[in-house]
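Please open the structure in a viewer and keep the selection panel at hand. The stops below proceed from the whole chain to individual residues.

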Amino acid sequence: MLDSNKDSLKLEAMKRIVAMIARGKNASDLFPAVVKNVACKNIEVKKLVYVYLVRYAEEQQDLALLSISTFQRGLKDPNQLIRASALRVLSSIRVTIIVPIMMLAIKEAASDMSPYVRKTAAHAIPKLYSLDPEQKDQLIEVIEKLLADKTTLVAGSVVMAFEEVCPERIDLIHKNYRKLCNLLIDVEEWGQVVIINMLTRYARTQFLNPNVNESLLEEGNTDGKTFYGSDDEDEEEDEKDKKDKKAEPLAKRKPYVMDPDHRLLLRNTKPLLQSRNAAVVMAVAQLYFHLAPKAEVGVIAKALVRLLRSHSEVQFVVLQNVATMTIKRRGMFEPYLKSFYIRSTDPTQIKILKLEVLTNLANETNISTILREFQTYIKSMDKDFVAATIQAIGRCATNIGEVRDTCLNGLVQLLSNRDELVVAESVVVIKKLLQMQPEKHSDIIKHMAKLIDNIQVPMARASILWLIGEYCEHVPKIAPDVLRKMAKSFTNEEDIVKLQILNLAAKLYLTNSKQTKLLTQYVLNLAKYDQNYDIRDRARFIRQLIVPTEKSGALSKYAKKLFLALKPAPVLESPFKDRDHFQLGSLSHLLNAKAGGYQELPDWPESAPDPSVRNVEVKESVPEWSKCSAREKRKEKKVEKPFYSDSEEESGPTESADSEMDSGSGSASASASEESASRSESDESDEGSESDEDDEEPKRAKKKTQEVKKAVRQSESEQSSEEERKPQRKPKARKTSESESESDESESESSESESNESESEAETRKKKKVRTRDLKPVKKEAKKESKKEMSLLDLDDFEPSPSPQATPVNAFMSSSLATDLEGLSLSDGVLAPAAISPSSSVKTFELLHRITGEGLTVEYCFSRQPFSPDANMVAVQIHFTNNSSSDVSGLHVEDAKLQSGMRVKDFPEIESLAAGETTTAVMGVDFCDSTQAANFQLCTNSKKFFVSIQPPVGELMRPLFMTENEFKKEQGQLMGMNEISEKLTLDSSCRNEHAIVQRVTTAANLSRVPCGADNECSPPVPPPDFPVYRFAARTVTGNSLVLVTVATRAEGAAQLTVNCDKMLIGTMLVKEILQALTQ
């Protein structure tokens, strides 16, 4: 088809090839045939050929180099898509010989009339830089040129190229900073994330820290006076000098005024908090956290809480960042406390992160609510989650002294829990809490000493022994008895317990040697011959230290001080405490380790750099590629003058900052209200006197805009009449390309003019606002403006007060973990039968009939045993029966005709099979996770028979053991396209547990997930009559996860769900199991 003369056939062939690539199939063999069609005149065929070449040009470099002349011709094609595709293919050929050609092509494309081609040029820059870093200087010139581009299509791509090639060249951003801020709202989502991250780092180098004077205000301005000059200023400075000499330079520093460009960035990124893209919201949130004043950071809380409604992957990243934020800015998330309550359906990682956030948010006012939540979490069946909850209770107790006793009593009650893990974790946490006030809690130490006989978890036993040894004075009668018991079981204990037994013996020898001298010597002798060298060394060290001899040195005098020294109480800190030195939202922050390519967030400068570097002259901003007429030049001047007038026409820094802050929505109005509250009455009188002038200014602005619009319309009409006279002179191709460029430029210009009109409207609103003295109407107006600006989503429905109540955990969790876990036995004896084969009989299939095989009958079955020579093969057991009167000799396999990727490991040759006898052989077949038949010849010395083995889909997998929590976690990751559900009515003989499990495991080689039935619930909720059965396996070749759920309903109804990333296997498996359960 590719060699055909008809374009329609070529187009059909290319569509099929591109479809193959989309499905992940290898189409590299077709490269020579496809490359020939680069010169095809049909645009649709050419586009698809370029798509193919981008994919395989790097692999087939030699063949791609032969077509370079064609790609170069494509760079001058009248169609912008062909030009862009040719550049994309050229930059995909990774050969250093063509670097000069690529550089020339990128330079030409950077000056192209089409913004799409310029965007492609920006994408090609990092590719060329990675191929030849020596081209950096020339590439920086191209980046500088593209940064001046005014179209939103190019902005994100060129900033990405800037980040890859020269992130240190901040001087390139200065002149384009304001333009990038204003274009940000219209850039595509991917570009928004890149630009916001770049501007975050830029702002940290160019602006002052907005929070630097807050500590000074709190310390020095206790009487509530403002920064502005007053009679008592000298006295205040004297007081500050007495308090702290380090505050002196801050006190002398001028009052902080936010740079208008800093305010511009915050104002233009705020509407993006309502973006539908979680990455954009996260990028804005980190920008506000790192750059905004403390009073304004709170606006990001609502947006981040909204993201907690999305997928678990998004929740995980958001909660990691929220956990870091809550350490420094706790008040920000306190109104949304209920949004962090844990649901029974949450995966374990999400539960633990929500626990972290709840613990960070805990204070005296909400601690009782949080502890009530924690009580219900302890009843969960998720062991890791329960352990994390107990640790969270311990952290709350250390952070909030008022509830320490309550938490201790609650943890002591948990010591009587039937679940050993709960008891063990409680012991470890109680040990840390008791170190704070051991004198008050000697009865708790006694209670824990009694538990030493029952608890088997090594860490818990070690913690109890350490407590008894450390505070042996408080329990003088119990401690020696505990040592006696431990000496008996010393040889059977874990290493960590043995070390604590040695410590206990040493401490008791030093404090109560009469009772424990012999016991200590006995324990030291046992430890002397222990298998672990740590324990042997510790025993020798302790013996020399506590038992003085002639050889012992000076250290033995200080044995008591060494062993019985006062230990500081441990500080239970959040694992997220020091993570904020990484930029929030970055991979390095997520991993808590510096990832490759991560750029550190710069520190704030001590003095503000020169803001005039961001002022731009109108002449410089005209792009080279626009050979524009007088009309376009006039338009650009009209557009750009108000664009940069904010900084050029300002009368003073304080006035512009104040007016900018007033025009900001939401958070800006809040900060303005704080400032106005702290101002003196003289400022208000000034505002009143200026109000008359302000009334006249909006009228003048309106007249100016009307006059400008009229002038533009007249010039446009004149220009259009001139252009109508000339159209016949130019060739057709030129017309099309110019019309495309004009449309693109007109779109960009119209978008800019709209943004400028909106800015002029915002200025008139500003001046109206200054007149109003009351702060309440100002806030209302700000809210209205923000609603007009934000177009995607309205977050007002997400108020903190009616946040969704967490579902009562009692509905899903049992009161005692021990009762829930009675059905779970992890011993090999229980699991082995389920993993090897189902209890039902193995189904056999006919391979060779008696008549066809001339007396030789061959049957095969799938034994479901692992095939030892190759784990990726399915074991096929073959039964040979000789029904003829003569012997059959030389049975073997030949000429296997297999699909691509399939393999066969044939059985050893059977030399002879006597008449009437039967024999068995095992062969392995790698079906590549497909149900296609394996065809081969079964040969004897005299005959050859063509046979084929076709596997049922259920035999292409091997059983997998997993817990219910692991099953639910993996199932949560295989949703959407990877999930197939079917409703069915169970056969009357298949409505009990045994029958359902037997039929499912017969139909497919699956393992039942233990403790997975929902009917094993606690007394508070009546057990449901309709249990859920879960099964798990992995495919033999691809190791893909296969999860099967059978949820029973009333009157024999049920729902079958299969989750598998291989959709074909999932669909076929649903049919197989459906047939098994309904017949």
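The tour begins with the chain as a whole and then turns to aromatic pairs, a sheet and two cysteines.

**Whole chain.** Select the entire protein chain, bearing in mind that the model is predicted. Coloured by secondary structure, the chain shows 45 helices and 15 strands. Of its 1079 residues, 47% are buried. A surface representation covers about 54,800 Å² of accessible area, with 50% belonging to carbon and sulfur atoms. Among contacts between residues at least 6 apart in sequence, 69% join residues at least 24 apart.

**Aromatic pairs.** Next, display the aromatic side chains; the whole structure contains 10 aromatic pairs. Select Tyr-177 and Phe-207, an edge-to-face pair with 5.9 Å between the ring centres and 65° between the planes. Tyr-177 belongs to helix α12 (residues 177-183), whereas Phe-207 lies in the loop between α13 (189-206) and α14 (214-220), so that the pair links parts of the chain 30 residues apart. Are these two residues buried or exposed? Tyr-177 has a relative accessible area of 0% and is buried; Phe-207, at 2%, is likewise classed as buried.

Move now to Phe-880 and Phe-907, which also form an edge-to-face pair, with centres 5.5 Å apart and planes at 65°. Phe-880 is in strand β3 (residues 874-882), and Phe-907 is in the loop between β5 (903-905) and β6, 27 residues away. Both Phe-880 and Phe-907 are buried.

Return to Tyr-177 and Phe-207 and add Tyr-202 to the selection: these three residues form one aromatic cluster.

**The four-stranded sheet.** Select strands β6, β4, β8 and β9, which form an open sheet in that order with antiparallel pairing. Strands β6 (910-913) and β9 (944-949) are at the edges; each has a single partner strand, so one side of each lacks a neighbour in the sheet. From one strand to the next, the twist averages 35°.

Within this sheet, focus on β8 (residues 934-939) and β9, an antiparallel pair joined over six bridges. Cys-939 is found opposite Lys-944 of β9.

**Two cysteines.** Keep Cys-939 selected and add Cys-928. Which of the two is buried? Cys-939 has 1% relative accessibility, which is under the 20% limit, and therefore counts as buried. Cys-928, at 30%, falls between the 20% and 50% limits and is therefore partly exposed. How many disulfides does a search of the whole structure find? The search returns zero.

Note on methods. Residues numbered from 1 in each chain as written. Predicted model: local features only at pLDDT ≥ 70, side-chain atom pairs only at ≥ 80, totals over all residues. Heavy atoms only, no water. Disulfide = S-S within 2.5 Å. Buried < 20%, exposed > 50% of the residue type's maximum accessible area, 1.4 Å probe, protein only. Pairing = 2+ DSSP bridges. Helix = DSSP H or I, 4+ residues; strand = E, 2+ residues; numbered from the N terminus. Axes fitted to C-alpha atoms, helices over the stretch in contact; angles between N-to-C directions. Contact = heavy atoms within 4.5 Å. Areas by Shrake-Rupley, 256 points an atom, 1.4 Å probe, with all protein chains shown as cover. Phe/Tyr/Trp six-rings, centres within 6.5 Å; stacked < 30°, edge-to-face > 60°.
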